[in-house]
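Trainee: Hey, got a minute to walk me through this one?
Mentor: Sure, pull it up and we'll go through it together.

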Amino acid sequence: MIRIEKTTPRFKLVMVIERMGRDLNVSLHGGDESHIGAVALAVPYQGQGRERKADASVSLLTVTGHKEDELARKISYTLATAFNCTTATACGIHIDNATGKEIADILEIADRLLEEALQELS
């Protein structure tokens, strides 16, 4: 199991990755209250075209009113195509009265966590 954390003065984000055979189960949560806001399942396949680059089909489930779906999708897609494995990602980040800057910070930190995860898993 891999656990990566990033902390700012306002919030902490935690990414946990568990191998399930050759597949990956990921959670990204934090802020004032962790929860499940969205879940993405990415299934890799051989891409089309000359390069036949790996691609993935992603299915999303989003809790009504939550906005973590694109973040869950990005994480699942990135890991599924990088490691040619099925990847499930659950995301839930809540910050009371979040500002636009705080939301941008969350997305930036999530990107850094994903980059670290790619390195850890390689």
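Mentor: One term before we start: a residue is buried when its relative accessible area is under 20%, exposed when over 50%, and partly exposed in between, using a 1.4 Å probe and protein chains only. Helices (H or I, at least four residues) and strands (E, at least two) are DSSP runs, numbered from the N terminus.

Trainee: And where do the numbers come from?
Mentor: This is a predicted model, where local features need pLDDT of at least 70, side-chain atom pairs count only at pLDDT 80 or more, and totals for chains, interfaces and linings use all residues. Residues are numbered from 1 along each chain as its sequence is written, and side-chain values use heavy atoms, with hydrogens and water left out.

Trainee: OK, which residues of helix 2 are buried?
Mentor: They are E102, I106, I109, A110, L113, L114, A117, L118 and L121.

Trainee: What do those pack against?
Mentor: The buried residues of helix 2 pack against strand 1, strand 2, strand 3, helix 1 and strand 6. Contact here means heavy atoms within 4.5 Å.

Trainee: I see a lot of steps of three or four in that list. Any background on that?
Mentor: An α-helix has 3.6 residues a turn, so residues three or four places apart point the same way.

Trainee: What span should helix 2 have?
Mentor: Its 22 residues, at 1.5 Å a residue, should span 32 Å, and the end C-alpha atoms are 32 Å apart, which agrees. The expected span is 1.5 Å times one less than the number of residues.

Trainee: Is E115 in that helix buried or exposed?
Mentor: Neither. E115 is found in helix 2, and it counts as partly exposed because its relative accessibility is 47%. By the way, E115 and K53 are 62 residues apart in sequence and 20 Å apart in space, C-alpha to C-alpha.

Trainee: Switching to helix 1. Which residues are buried there?
Mentor: In helix 1 the buried ones are L71, A72, I75, S76, L79, A80 and T81. They pack against strand 2, strand 3, strand 4, strand 5 (54–62), strand 6 and helix 2.

Trainee: How does the span of helix 1 work out?
Mentor: At 1.5 Å a residue, its 15 residues should span 21 Å, and the end C-alpha atoms are 21 Å apart, so the two agree.

Trainee: What comes just after helix 1?
Mentor: N84, which takes a positive phi of about 50° there. The residue sits in the loop between helix 1 and strand 6. With a relative accessible area of 42%, N84 is partly exposed.

Trainee: What's the background on phi signs?
Mentor: Most residues other than glycine have a negative phi, and most peptide bonds are trans.

Trainee: Which residue in the loop between strand 6 and helix 2 should I look at?
Mentor: Try N97, which lies in that loop. Its phi is near 50°, a positive value in a residue other than glycine. N97 is exposed, with a relative accessible area of 76%.

Trainee: Now the strands. How do strand 1 and strand 2 pair?
Mentor: Strand 1 (residues 2–7) and strand 2 (residues 12–20) pair in the antiparallel sense over 6 bridges. Two strands pair if DSSP finds at least two bridges between them. They form a hairpin with 4 residues between them, and I2 has I17 in strand 2 as its bridge partner.

Trainee: What about strand 2 and strand 3?
Mentor: Strand 2 pairs with strand 3 (residues 23–31) in the antiparallel sense, over 8 bridges. I17 has V26 in strand 3 as its bridge partner. That hairpin has 2 residues between the strands, and G21 in the turn has a positive phi of about 70°.

Trainee: Where does strand 6 fit in?
Mentor: Strand 3 and strand 6 pair in the parallel sense over 8 bridges, with A90 in strand 6 as the bridge partner of S27. Strand 4 (residues 38–46) is joined to strand 6 by 5 bridges, and those two run antiparallel.

Trainee: How many residues of strand 6 are buried?
Mentor: 6 of its 8 residues, so the strand is mostly covered.
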